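Biologist: I'd like a close look at just one part of this protein, walked through slowly enough for a first-year student. Here is what we'll be looking at.

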Amino acid sequence: MSRLTGRGAEKATLRQRLSRRRAILINRMERDTEIFHRIVMHKKYRSAENIFIYISKPDEADTRALIRHGLKAGKRLFAPYCVAGNPEMQFYRFQSLEELQPGGFGVLQPEPVSRNAALPSDLKDAVCIVPG
């Protein structure tokens, strides 16, 4: 039984680290897929016209597939617009992922155009997807 030293030990350590990362990534992809399916099959989501949704950061459950699904299904999607130092959130409608721009916290968000601002009436038939 030979022991690895020097470069060989570094490579073995790197391979182990990458293997753990791949396992985490596969588990995360499975989790994201499960979350996606649970949401799109839920009767509240299926009947909702309006979806208030966060735009996921890399360390959160990925919402991009859910956003694409909602847009394709003809749902009206709204995402938060945040201003650094302001605790209030405004929601604005968006119609494609390409419309979203990095905001004050580095999170993608819609442009704050008044004609796309969410109205109280938009909450009537809505589902809100939040991280956590």
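Which residues of E6 are on its covered face, and which are on the uncovered one? Please start there and then show me what surrounds that strand.

Modeller: Happy to, and keep in mind that this is a predicted model. On strand E6, Val-127 and Ile-129 make up the covered face, while Ala-126 and Cys-128 make up the uncovered one.

Now look at the strand beside it. E1 and E6 pair in the parallel sense, over four bridges. If you want a spot to get your bearings, find Asn-50, which stands opposite Ala-126 in E6.

Next, the core. The largest nonpolar core has 19 residues, and among those with the most contacts inside it are Ile-51, Ile-53 and Ile-129. Strands E1, E2 and E6 and helices H1 and H3 are the elements that give two or more residues to this core. H1 gives the most, with three residues. As a general background idea, nonpolar side chains tend to be buried together in soluble globular proteins.

Let's zoom in on two residues of that core. Leaving out residues up to four places away in sequence, Ile-51 touches Val-127 and Ile-129, the covered pair from E6. On the same terms, its contacts also include Tyr-45, Lys-75 and Phe-78. Tyr-45 and Lys-75 have their own arrangement: the charged end of Lys-75 sits over the ring of Tyr-45, 4.9 Å from the ring's centre.

Ile-53 is also found in strand E1. With a relative accessible area of 1%, Ile-53 is buried, because anything under 20% counts that way. Again skipping residues up to four places away in sequence, Ile-53 touches Leu-66, Ile-67, Phe-78, Phe-94 and Ile-129, among others. Here's a nice one to check on screen: Ile-53 and Val-130 are 77 residues apart in sequence, yet 6.4 Å apart in space, C-alpha to C-alpha.

Between those two isoleucines comes Phe-52, and that takes us to the aromatic rings. The structure holds three aromatic pairs. One of them is Phe-52 with Phe-78, a stacked pair with 4.8 Å between the centres and 10 degrees between the planes. Phe-52 is in strand E1 and Phe-78 in strand E2, so this pair ties together parts that are 26 residues apart in sequence. Both rings' residues are buried, Phe-52 at 5% relative accessibility and Phe-78 at 1%. Phe-91 joins Phe-52 and Phe-78 in one aromatic cluster.

For contrast, take Tyr-81 and Tyr-92, an edge-to-face pair at 5.9 Å centre to centre, with 85 degrees between the planes. Tyr-81 belongs to strand E2 and Tyr-92 to strand E3, 11 residues apart. Tyr-81 is partly exposed, at 23%, whereas Tyr-92 is buried, at 11%.

Last stop: a charged pair leading back to where we began. Asp-122 forms a salt bridge with Arg-76, the closest N and O atoms being 3.0 Å apart. Asp-122 lies in the loop between strands E5 and E6 and Arg-76 in strand E2, so the salt bridge ties together parts 46 residues apart in sequence. Asp-122 is buried, with a relative accessible area of 6%, but Arg-76 is partly exposed, at 26%.

Definitions and conventions:
Residues are numbered from 1 along each chain as its sequence is written. This is a predicted model: local features need pLDDT of at least 70, side-chain atom pairs count only at pLDDT 80 or more; totals for chains, interfaces and linings use all residues. Side-chain values use heavy atoms; hydrogens and water are left out. A nonpolar core is a set of buried Ala, Val, Leu, Ile, Met, Phe, Trp, Tyr and Cys residues joined through side-chain atoms within 4.5 Å. Buried means under 20% relative accessible area, exposed over 50%, partly exposed in between (1.4 Å probe, protein chains only). Contact means heavy atoms within 4.5 Å. Two strands pair if DSSP finds at least two bridges between them. Rings of Phe, Tyr and Trp (its six-membered ring) pair if their centres lie within 6.5 Å; planes under 30 degrees apart count as stacked, over 60 as edge-to-face and the rest as tilted. A charge sits over a ring if NZ of Lys or CZ of Arg is within 6 Å of the ring centre and within 35 degrees of the ring normal. A salt bridge is a side-chain nitrogen of Lys or Arg within 4 Å of a carboxyl oxygen of Asp or Glu.
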